[in-house]
Amino acid sequence: MDYTFLLELALILIFTKVFGILMKKLGLPQVVGAIIAGLLLGGAIWSPLTGGKFVPVSTSDALTVIAEIGVVMIMFSAGLETDLKELKSTGPVAMLIAMFGVLVPLGLGFLIAMPFFGTSDIHGVLACVFVGVIITATSVSITVETLKELGKLKGKVGTAILSAAIIDDVIGIIILTVVMGLKNPSSGGAGAAAIDTIVKTVLFFVVAIGAGLMLNRLFKWLVKKYPHRRRVPIMGLAVCFIYAYVAEHFFGIADITGAYLAGIILSNLKETGYIEHKVDVGSYMIFSPVFFASIGIKTTFEGMTPQVLLFALLFVLAGIGGKIIGCGGAAKICKFSVKDSLKIGVGMIARGEVALIVAQKGMDSGVIPPVYLSAVIVLVIVSSLIAPILLKVLFKSDRQLPLTA
């Protein structure tokens, strides 16, 4: 067994903490520091300098698994902090925000891809659609961590962002399945693929909520019988991992959706705060830093020709502008204030593992060339950096308003 990952893990923890503290002193969210730490440790900088002979931290199976656990725990914690009453009240609103947050980036992605892939044949059309599909995916974990730092995860805006992001991913999965069905008609065609995905999604929520009602009663009994005992958060974390596994393995839904739903199921217990505290300790110590650092570590700028660079620039603008215009515009239609609408739009711009996974699926199937993955990585890095910074600026201005009145 190669124990190099232990040294890499130590470097990640040291660098993410140091840069997290530095960002805090600069008035920025600590997650920005973790992403920068990943960039400084990964191959994006070191490979060109050393010809690939030396990279402090490389992607590995061990770090990938730890990072995946990190994002699952982050979303479980977000679910625990979700106010069910707020969630119910923002349900229809979140649906509208999510729909606009998919349609607008999808349309913009198609438009910017047309000069590069063309629309003269079905392959070109599919490539253009797929570019749009990539930028529909929202990585809410970065926003969640930022809102937690700011103490703004609960409330109408935070809940709207979380709810919309979950629905956003479900819609994105359905569109992805349709595109893949058109690419591979032998799989039953786009229509059959879309119906299959919708049925699986509905079944997952029916099964998850049905089981959740029973689990909620079981945990109420556990909390009453064993108040403030560690067995309760341990069992809660087990439920989180089971939901994440079932969502991904049996229903084809993102594991983070299952984890978030597990958190919601346990969000109304007397000991919810205790469960959240214990989960956060484990997450904060190792799993979350590895996840956020992995975004930077995975970054590579190989194959960045002028054409790919131009595409990357347009891709980033479409990805960021599409979410702000789509989600923010829908929020304004739903009678949020201009500033709250902007917060929701900004809160939805971060991209992460979901966008990378979707892009990888398209490249593996030959829909778009692998060289364009660098454009996706640029979007992930840029959006992951500016989303927490802009959110902090927007929420900070709220606190300053009474002082100027």
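The loop between helix α9 (189-225) and helix α10 (231-251) holds H228. In this predicted model, the phi angle of H228 is near 55 degrees, a positive value in a residue other than glycine. Most residues other than glycine have a negative phi. H228 counts as exposed because its relative accessibility is 53%, and the cut-off for exposed is over 50%.

A second positive phi belongs to K335, which is not a glycine either and has a value of about 75 degrees. K335 sits in the loop between helix α13 (306-333) and helix α14 (338-347). With a relative accessibility of 77%, K335 counts as exposed.

These loops belong to a protein that has 16 helices and 0 strands. The protein has 405 residues, of which 52% count as buried. Its accessible surface comes to about 18000 Å², and carbon and sulfur atoms account for 70% of that area. Contacts between residues at least 6 apart in sequence can be sorted by their separation: 78% of them join residues at least 24 apart.

Helix α13, on one side of the K335 loop, offers an example of parts distant in sequence meeting in space. A318 lies in this helix. The C-alpha atoms of A318 and G109 are 6.2 Å apart, while the two residues are 209 apart in sequence. Once neighbours within four places in sequence are set aside, A318 is in contact with L108, I112 and I135. A318 has a relative accessible area of 5%, so this residue is buried; the limit for buried is under 20%.

From a single buried residue the view can widen to the interior. In soluble globular proteins, nonpolar side chains tend to be buried together. Here the largest nonpolar core has 122 residues, and those that touch the most other members are M75, I97, F117, I134, F311, F315 and I344. Helix α16 (residues 373-404) gives the most to this core, with 13 residues. I97 shows what such a position looks like in detail. Leaving aside neighbours within four places in sequence, I97 is in contact with A160, A164, C327, A330, A331 and I344. I344, one of these partners, is also among the core residues that touch the most other members.

Charged residues give another kind of link. Side chains of opposite charge can pair when their charged atoms come close. How many salt bridges does a search of the whole structure find? The search finds 2. One of them joins K148 and D280, with the closest N and O atoms 3.1 Å apart. This pair links distant parts of the chain, since K148 is in helix α7 (residues 140-150) and D280 is in helix α12 (residues 272-297), 132 residues apart. K148 is partly exposed, with a relative accessible area of 23%, and D280 is partly exposed at 22%.

The other salt bridge is between D340 and K343, where the closest N and O atoms are 3.2 Å apart. Both residues lie in helix α14, 3 residues apart, which is about one turn of the helix. Are D340 and K343 buried or partly exposed? D340 counts as partly exposed because its relative accessibility is 23%. K343 has a relative accessible area of 2%, so K343 is buried.

Conventions. Residues numbered from 1 in each chain as written. Predicted model: local features only at pLDDT ≥ 70, side-chain atom pairs only at ≥ 80, totals over all residues. Heavy atoms only, no water. Helix = DSSP H or I, 4+ residues; strand = E, 2+ residues; numbered from the N terminus. Buried < 20%, exposed > 50% of the residue type's maximum accessible area, 1.4 Å probe, protein only. Contact = heavy atoms within 4.5 Å. Salt bridge = Lys/Arg side-chain N within 4 Å of Asp/Glu carboxyl O. Areas by Shrake-Rupley, 256 points an atom, 1.4 Å probe, with all protein chains shown as cover. Core = buried A, V, L, I, M, F, W, Y, C linked by side-chain atoms within 4.5 Å.
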